[in-house]
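Could you walk me through this structure in the viewer, one selection at a time? I would like to know what to pick next and what is there.

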Amino acid sequence: MQTSRADDASSPSAEDFLRNVLRSRLVLRDELQAALRGVPRELRDDARALADHLMRNGKLTRFQASKLLKGISAGLIFGPFRVLTPLGKGGMGTVFLVRDTRSNQLAALKVLLPKVARAEERTLARFRREMELSRKVAHPHLAWTYEVGEHHGVHYLAMEFIPGRTLSKLVNGEGVLHWKRAARLMAEVAAALAHAHEQGIVHRDLKPSNVMITPNDHAKVLDLGLAMMHGEQVDDAKVVGGQGYIVGSMDYIAPEQTLDAAKVDGRCDLYALGCTTYFALSGRAPFPGGTSKEKIMRHRSATPTPLTELVPDLPAGFVALIEGLMSKDPASRPANAAAAEQELRAWATGEIEPPPDAALGDAFNWEALTDAPSSADFALVTLPEGEVTEQPAPAAWSPWPVIFLAGSVAVLLLGALVVALSMLVGRR
Ligand SMILES: Nc1ncnc2c1ncn2[C@@H]1O[C@H](COP(=O)(O)OP(=O)(O)O)[C@@H](O)[C@H]1O
Ligand SMILES: [Mg+2]
């Protein structure tokens, strides 16, 4: 159940909480003092009441308040980014909604938690690859990465923030998509794939949780975490995949990717596009249930339950297109992503093309996002000691230096006057 309070756990003392707020550097001392003036006297010793007050005044987000109440103050500011709330978690990274203080814009920050990086060299290597490959693409239907870097040893990717929700959450929450809408959205996904393929990039992990659906109902493809350059010389099969090392998501993986994940081309993404469309229409993956091994075998040789049995009133031609995308033999799929896009678009005719999404202005109320995941299980990046330092108390203004300075000047002037006068008198 959603509670209106900042946190359910037992609260620290008000003093400890306020110290944490200052340590986090999210709110400066003066700003904090000013904000606390409005708190009724009887609530000043109640850490939760103070947290709620700061949330109402827009000084802290619910996520920040809940971390601070737990005594966690480090990691809420990460380099130039103020961490607002978690957005999602995947196999590799954690994604946070942040405000980039340089531009004051919202952004999505994908970080590789140092704990994970240390534990799994492979994951770090994959994250590094994602950082490199993300820079090569820019397309309206692909999440745009504007910066990659390392801050105190923590790797990150800063991307455009895409409000909305993933296709998997959308379908699981609101039910399956009408086929015309699915055709339009999947055409947009195909356009994103065509762009990636033109840059030589094969995605290899297209699936409903890697497709965001925006407020105006457009698709944006996420996550180049398992992507590779077509024909790339593979140094480490454990990182990139290869014989004996299958990489991909078992519900959406192309048969050839299960045989040698490093030898695939863009057509493996078309298979995943077919499976993703199958999910959008039916609410289930083509081969639900079973172990990973069983799924792999079914992608290689089993036929999924025909869509016509799962979804009433699907046009036969549209079903044929999806089955074509899901052909076991890559040569039987549409020739390339651009061709798939065209065919999908043809089925979307009559669908009203929704306007592009508006830029997120200052008034954008991200807190109204229904989809922000519960913050409890999102660990923050722990930066090395010393990164978060207590703010020095703001220098209080004191009149004494001014009085001292003015006094000294006056004494000097007086002295000069006396000397001048005595010289004048002496001359007479
Ligand atoms: N740019 C973004 N804007 C909004 N939410 C995002 C963005 N990028 C990722 N997410 C959310 O975070 C989740 C994990 O991101 P993803 O890049 O898929 O990471 P992983 O490689 O760990 O799977 C996504 O499923 C989505 O819910
Ligand atoms: Mg993902």
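How do the residues of the shell around ligand 1 divide into nonpolar, polar and charged? Gladly, let's start there, keeping in mind that this is a predicted model. The shell around ligand 1 holds ten nonpolar residues, eight polar ones and four that are charged.

**Stop 1: ligand 1.** Select the ligand and display what surrounds it: you should find 22 residues, with Gly88, Gly90, Val95, Ala108 and Asp223 the closest. Now colour by secondary structure. Two elements each give two or more residues to this shell, namely strand E2 (81-89) and strand E4 (105-111). Of these, E2 supplies the largest share, three residues. If you switch to colouring by domain, you will see that domain 2 (78-160) and domain 3 (165-347) each provide at least three residues of the shell.

**Stop 2: helices H3 and H4.** Next, select residues 47-56 for H3 and residues 62-69 for H4; the two helices pack at an angle of about 160°, and their axes are 10 Å apart. An angle over 145 degrees counts as roughly antiparallel, so H3 is roughly antiparallel to H4. The crossing of H3 past H4 is right-handed. Show side chains to see who meets whom: Ala47, Arg48, Ala51, Leu54 and Met55 come from H3, while Arg62, Ala65, Leu68 and Leu69 come from H4. By class, this contact has seven nonpolar residues, two charged ones and no polar ones.

**Stop 3: helices H1 and H3.** Keep H3 on screen and add H1, residues 14-24; here the axes come within 8 Å and cross at roughly 35°. On the H1 side, pick Ala14, Phe17 and Leu18, and on the H3 side Ala47, Leu50 and Ala51. What is the make-up of this contact? Six nonpolar residues, with no polar and no charged ones. Ala47 and Ala51 will look familiar, as they also take part in the meeting of H3 with H4.

**Stop 4: helices H8 and H11.** Finally, move to residues 179-198 for H8 and residues 267-282 for H11, whose axes come within 10 Å and cross at roughly 155°. That angle makes H8 roughly antiparallel to H11, and the crossing is right-handed. Select Trp179, Ala182, Met186, Val189, Ala190 and Leu193 in H8, then Asp269, Leu273, Thr277, Ala280 and Leu281 in H11, to bring up the contact. Nine of its residues are nonpolar, one is polar and one is charged.

Methods
Residues are numbered from 1 along each chain as its sequence is written. Chains are lettered from A and ligands numbered from 1 in the order in which they are written. This is a predicted model: local features need pLDDT of at least 70, side-chain atom pairs count only at pLDDT 80 or more; totals for chains, interfaces and linings use all residues. A residue is near a molecule or strand if its C-beta atom, placed from the backbone, lies within 6 Å of it. Helices (H or I, at least four residues) and strands (E, at least two) are DSSP runs, numbered from the N terminus. Ala, Val, Leu, Ile, Met, Phe, Trp, Tyr, Cys and Pro count as nonpolar, Asp, Glu, Lys and Arg as charged, and the others, Gly among them, as polar. Domain bounds come from an automatic or database domain assignment. Axes are lines fitted to C-alpha atoms, for helices over the stretch in contact, and angles run from 0 to 180 degrees between N-to-C directions. Angles under 35 degrees count as roughly parallel, over 145 as roughly antiparallel, 65 to 115 as roughly perpendicular and the rest as oblique. A crossing is left-handed if the near helix is turned anticlockwise from the far one by less than a right angle, and right-handed if clockwise. Two residues are in contact if their C-beta atoms, placed from the backbone, lie within 7 Å.
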